[in-house]
Amino acid sequence: MSKRATNPPVSSPRAGIPAVGEGKRSESGHLGYLLRQAAHAQRRRMDRALATVGLTHPQFLVLTMIRAYPGCSNADIARLAMLTPQTVHAIITALLERGLVTRQPDPLHGRVLNIALSGSGEELLRRGRARALNAGAALQRSLSASQEVIVRRWLVSAARDLPDR
């Protein structure tokens with residue numbers, strides 16, 4: 001499935017713990033574990049990339065969702081970003097303090113406060129997105145275009161079709 005040679009297993013710092021690509025951490029491992037292992041590796045790449053612009057991965061997700069879905073509630077953002085409502089509240093509070101987002105009363109529902117990116121929030125999201133795209137390119141480099149389509153379809157199908165309760 002790979003267009004390039006695979007990397008050798010990464011050595012474990014402790015004897016008896018298999019490196020990625022060995023034992024249950026290889027193709028013979030449980031599919032759910034392998035998916036989590038890959039997601040964890042991608043998360044580490046994203047964390048390192050986004051740190052260069054002063055963002056955490058959850059902050060980047062929240063900024064992205066605010067930009068993509070104007071008028072969403074905190075609860076909506078939490079669901080979209082796959083974060084808890086408490087985490088989103090803390091992130092939005094921090095983003096407000098940094099001047100990266102604003103809250104404005106909704107013109108139709110006076111008690112509702114709409115969250116939007118400020119100019120500096122838009123700029124930081126633009127810079128973060130460039131870093132995130134570079135980090136994501138590592139995933140795509142090992143796949144042909146047709147393989148990428150298959151993987152994308154499978155990931156969406158798995159998320160949509162498997163019950164989450």
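**Local environments of Glu148, Met82 and Gly121**

Glu148 lies in helix 6, which spans residues 145–161. The model is a predicted one. The relative accessibility of Glu148 is 18%, so this residue counts as buried, the cut-off being under 20%. The side chain of Glu148 makes a polar contact with the side chain of Arg152. The distance of this polar contact is 2.8 Å. Contacts of Glu148 with residues beyond its neighbours within four places in sequence were also examined. With those neighbours set aside, Glu148 is in contact with Gln140 and Leu143.

Met82 sits outside the helices, in a loop. This loop runs between helix 3 (74–81) and helix 4 (85–97). The relative accessible area of Met82 is 71%, and the residue is therefore exposed, because the cut-off for that class is over 50%. The backbone of Met82 also merits a remark. Its phi is positive, at about 60°, although Met82 is not a glycine. Most residues other than glycine have a negative phi.

Gly121 belongs to helix 5, which covers residues 119–141. The relative accessible area of Gly121 is 0%, so Gly121 is buried. A pairing with Leu96 was also computed. Gly121 and Leu96 are separated by 25 residues in sequence. In space, their C-alpha atoms are 9.7 Å apart.

Terms used. Residues numbered from 1 in each chain as written. Predicted model: local features only at pLDDT ≥ 70, side-chain atom pairs only at ≥ 80, totals over all residues. Heavy atoms only, no water. Helix = DSSP H or I, 4+ residues; strand = E, 2+ residues; numbered from the N terminus. Buried < 20%, exposed > 50% of the residue type's maximum accessible area, 1.4 Å probe, protein only. Polar contact = N/O pair within 3.5 Å; in protein donor to acceptor, adjacent residues only side chain to side chain. Contact = heavy atoms within 4.5 Å.
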